[in-house]
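Biologist: Please pick one part of this model and take me through it closely, together with whatever surrounds it. A connected account would suit me better than a list.

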Amino acid sequence: MAITLEQARIIVAQALAKGRELDLKPLSVIVLDAGGHCKAFEREDGASPGRFGIAQGKAYGSVMLGLAGTAQQARAEQQAYFLAAMNGVFGGQVVPVPGGVLVRDASGAIVGAVGVTGDTSDKDAIAAVAGIEAAGLTAEI
């Protein structure tokens, strides 16, 4: 199964809605498919222009490594050389922090990742999870 465009749109809309509910700073949300390709992206008014790259890096690292942002951060703290090497392999596109959330289907297969940025990384992850679950998929933070 792959993330559909409809699911990607739901993820973005619901992640942004969760951000408004929690009174978070302006968010940017990206949904990538299992190949790391962008399915959907939105940047709220007031979000800084560099947020696309940050959101993309959070999600890209998650889907390419098969590790959610929290696991990447822990790995970076324990084995900085590993994440440095992976960032080299992936052209500097990996942002190993929470807010990069793996997306799994009902069978447990990775079907993509979501990257949210704009507030603290932990709050970004909460918004991502809300969007993923609203689309009927499973989040791994």
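**Strand β1 and its surroundings**

Modeller: Val31 of β1 has Ala40 as its bridge partner in β2. That pair is a convenient way into β1, the part I will follow here; the model is a predicted one. Strands β1 and β2 run antiparallel and are joined by five bridges. The two strands form a hairpin with four residues between them, and within this hairpin Gly36 adopts a positive phi near 85 degrees.

On its other side, β1, which spans residues 28–33, pairs with β4, residues 110–117. This pairing is also antiparallel, and it extends over six bridges. Three pairs show how the register runs. Ser28 faces Thr117 of β4, Val29 has Val116 as its bridge partner there, and Leu32 stands opposite Ala113.

The sheet as a whole puts these two pairings in context. It is open and has five strands, in the order β2-β1-β4-β3-β5, with antiparallel pairing. Its edges are β2, residues 38–43, and β5, residues 138–140, each of which pairs on one side only. From one strand to the next, the twist averages 20 degrees.

How many residues of β1 are buried? Six of the six are, so the strand is largely enclosed by the rest of the structure. In a regular strand, side chains alternate between the two faces of the sheet. In β1, one side carries Ser28, Ile30 and Leu32, while Val29, Val31 and Asp33 are on the other. Every one of these residues is buried, which leaves both faces of the strand covered. Its neighbour β4 is mostly covered too, with seven of eight residues buried.

Moving one strand further from β1, β4 pairs with β3, residues 100–104, in the antiparallel sense over five bridges. Val103 has Gly112 of β4 as its bridge partner. The hairpin of β3 and β4 has five residues between the strands, and Gly108 there has a positive phi near 95 degrees.

The β4 end of the register leads to a lysine. Lys58 is part of helix α2, residues 51–65. Is this lysine buried or exposed? Its relative accessibility is 2%, and it therefore counts as buried. Beyond the residues up to four places away in sequence, its contacts include Gly115, Val116 and Thr117. Val116 and Thr117 were met above as the residues paired with Val29 and opposite Ser28. Lys58 also touches Gln72, Val95, Val97, Pro98, Gly99 and Gly100, as well as Ser121 and Asp124. The C-alpha atom of Lys58 is 22 Å from that of Glu6, a residue 52 places away along the chain.

What comes before β1 in the chain is also worth a look. Asp23 is in the loop between α1 and β1. Most residues other than glycine have a negative phi. Asp23, although not a glycine, has a positive phi of about 60 degrees. In contrast to the residues of β1, which are buried, Asp23 counts as exposed, at 68% relative accessibility.

Beyond that loop lies α1, residues 5–21, which packs on α5, residues 121–134. Two packed helices are described by the angle between their axes and the distance between the axes. Here the axes come within 7 Å and cross at roughly 135 degrees, which means that α1 is oblique to α5. The crossing is right-handed. From α1, the contact takes in Ile10, Ile11, Gln14, Ala15 and Lys18. From α5, it takes in Ile126, Ala127, Ala128, Ala130, Gly131, Ile132 and Ala134. By type, nine of the contact residues are nonpolar, two are polar and one is charged.

Gln7 is another residue of α1. Its relative accessible area is 12%, and it is buried. Leaving aside residues up to four places away in sequence, Gln7 touches Met1, Ala2, Ala135 and Leu137.

To return to the strand itself, β1 has β2 on one side and β4 on the other in the sheet order, and both of its faces are covered.

Note on methods:
Residues are numbered from 1 along each chain as its sequence is written. This is a predicted model: local features need pLDDT of at least 70, side-chain atom pairs count only at pLDDT 80 or more; totals for chains, interfaces and linings use all residues. Side-chain values use heavy atoms; hydrogens and water are left out. Two strands pair if DSSP finds at least two bridges between them. Axes are lines fitted to C-alpha atoms, for helices over the stretch in contact, and angles run from 0 to 180 degrees between N-to-C directions. Angles under 35 degrees count as roughly parallel, over 145 as roughly antiparallel, 65 to 115 as roughly perpendicular and the rest as oblique. A crossing is left-handed if the near helix is turned anticlockwise from the far one by less than a right angle, and right-handed if clockwise. Contact means heavy atoms within 4.5 Å. Ala, Val, Leu, Ile, Met, Phe, Trp, Tyr, Cys and Pro count as nonpolar, Asp, Glu, Lys and Arg as charged, and the others, Gly among them, as polar. Buried means under 20% relative accessible area, exposed over 50%, partly exposed in between (1.4 Å probe, protein chains only).
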